[in-house]
Amino acid sequence: MSVPIANLARLRGFIEDFSRLVEKNLSEPAVVEQGSVLLKSLVSHDDWLPTEFAQPDPERYQQFLLHADPLGRFSVVSFVWGPGQRTPIHDHRVWGLIGMLRGSEQSQGFSASAQGFVADGGPITLNPGDVEVVSPRVGDIHQVSNAFADRTSISIHVYGANIGAVRRATYSLDGGERLFISGYSNRLLPNVWDLSKE
Ligand code: FE
């Protein structure tokens with residue numbers, strides 16, 4: 001079976017549209033609201049993510065950088081969850097948009113209490129086309145899990161910084177905090193700029 005060529009024009013168009021959006025220097029609520037519309041449109045089609053950036057790893061979830069704005073105003077990342085994989089409880093320290101592309105995931109919010117971290121209500125389940133927002137303004141601490149124990153799930157995230165370089169933290173339920181800088185799983189980026197085949 002041949003692998004279909006990814007529709008990179010869709011990703012390139014998203015990068016262009018998001019670049020225009022951040023160029024407006026809007027408030028965070030406006031960027032998040034308008035950016036969510038753009039991301040929802042992107043993840044409502046599953047024909048554009050190259051297979052290299054959709055590969056799970058048996059050891060841990062993958063975070064593939066797809067695009068970083070040269071001025072650090074946003075980044076686009078493909079998160080690939082193998083069966084049953086999950087993040088630790090963590091924060092972001094910038095706004096983030098989570099768009100479900102394939103499969104399903106659950107996001108559980110947490111808030112700090114005197115005893116440590118407690119769950120904020122029940123988990124949010126994301127299905128293809130859904131978009132969730134995180135940020136220090138609306139709730140920044142959560143844990144994300146693949147909703148499936150037997151298949152890969154993929155979500156596309158956009159953050160208000162080069163997220164792989166942001167100094168942030170993971171948390172344990174008893175309130176413990178550990179600083180980390182996530183980096184990325186890939187060394188090479190998708191080439192969305194070769195227009196000769198289109
Ligand atoms: Fe997160």
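**Pocket, iron site and cores in a predicted model**

Sorted by class, the lining of the largest pocket comes out as ten nonpolar, three polar and four charged residues. That makes up a lining of 17 residues, and I5, A6, L8, P50 and N191 are the ones that lie nearest the pocket's centre. The space inside comes to about 370 Å³. As with everything described here, these values come from a predicted model.

Next, the metal. The iron ion is held by three histidine nitrogens on the protein side: NE2 of H90, NE2 of H92 and NE2 of H142, at 2.1 to 2.2 Å from the ion. Read along the chain, these donors follow the spacing H-x1-H-x49-H. H92 sits in the loop between β3 (89-90) and β4 (96-102), while H142 belongs to strand β9 (residues 142-146), so this pair ties together parts that are 50 residues apart in sequence. Both of these histidines are tucked away from the surface: H92 counts as buried at 1% relative accessibility, and H142 is buried too, with a relative accessible area of 3%.

On to the packing. In soluble globular proteins, nonpolar side chains tend to be buried together. Here, the largest nonpolar core takes in 28 residues, and the members touching the most others are F18, L39, W48, L49, W95, I156 and V158. At least two core residues come from each of α1 (8-23), α2 (28-43), β1 (62-68), β2 (75-81), β4 and β10 (153-159). Helix α1 gives the most, with seven residues. Apart from this core lies another one of eleven residues, including Y61, L65, V77 and V144. Back in the largest core, F18 is a good place to look at the contacts: setting aside neighbours within four places in sequence, F18 is in contact with G35, L38, F74, W95, L97 and V158.

Finally, there is E105, found in strand β5 (residues 105-113). This glutamate is a charged residue by class, yet E105 is buried, with a relative accessible area of 0%. Its contacts beyond four places in sequence are W81, I98, M100, I124, T125, L126, V144, S145, N146, A147, S155 and H157. One of these, V144, is also among the members of the eleven-residue core. For W81, which sits 24 residues away from E105 along the chain, the C-alpha separation is 8.6 Å.

Technical notes
Residues are numbered from 1 along each chain as its sequence is written. This is a predicted model: local features need pLDDT of at least 70, side-chain atom pairs count only at pLDDT 80 or more; totals for chains, interfaces and linings use all residues. Side-chain values use heavy atoms; hydrogens and water are left out. Donors are N, O and S atoms within 2.8 Å of the metal (3.2 Å for Na, K and Ca); water is not among the atoms, so sites may look incomplete. Helices (H or I, at least four residues) and strands (E, at least two) are DSSP runs, numbered from the N terminus. Buried means under 20% relative accessible area, exposed over 50%, partly exposed in between (1.4 Å probe, protein chains only). On a 1 Å grid over the protein atoms alone, a cavity is a set of points where a 1.4 Å probe fits but cannot get out, and a pocket is an open set with protein on both sides within 12 Å along at least five of seven lines; lining residues have an atom within 4 Å of a point. Grid points are joined across faces, edges and corners, and a volume is the space filled by probe spheres set on the points. A nonpolar core is a set of buried Ala, Val, Leu, Ile, Met, Phe, Trp, Tyr and Cys residues joined through side-chain atoms within 4.5 Å. Contact means heavy atoms within 4.5 Å.
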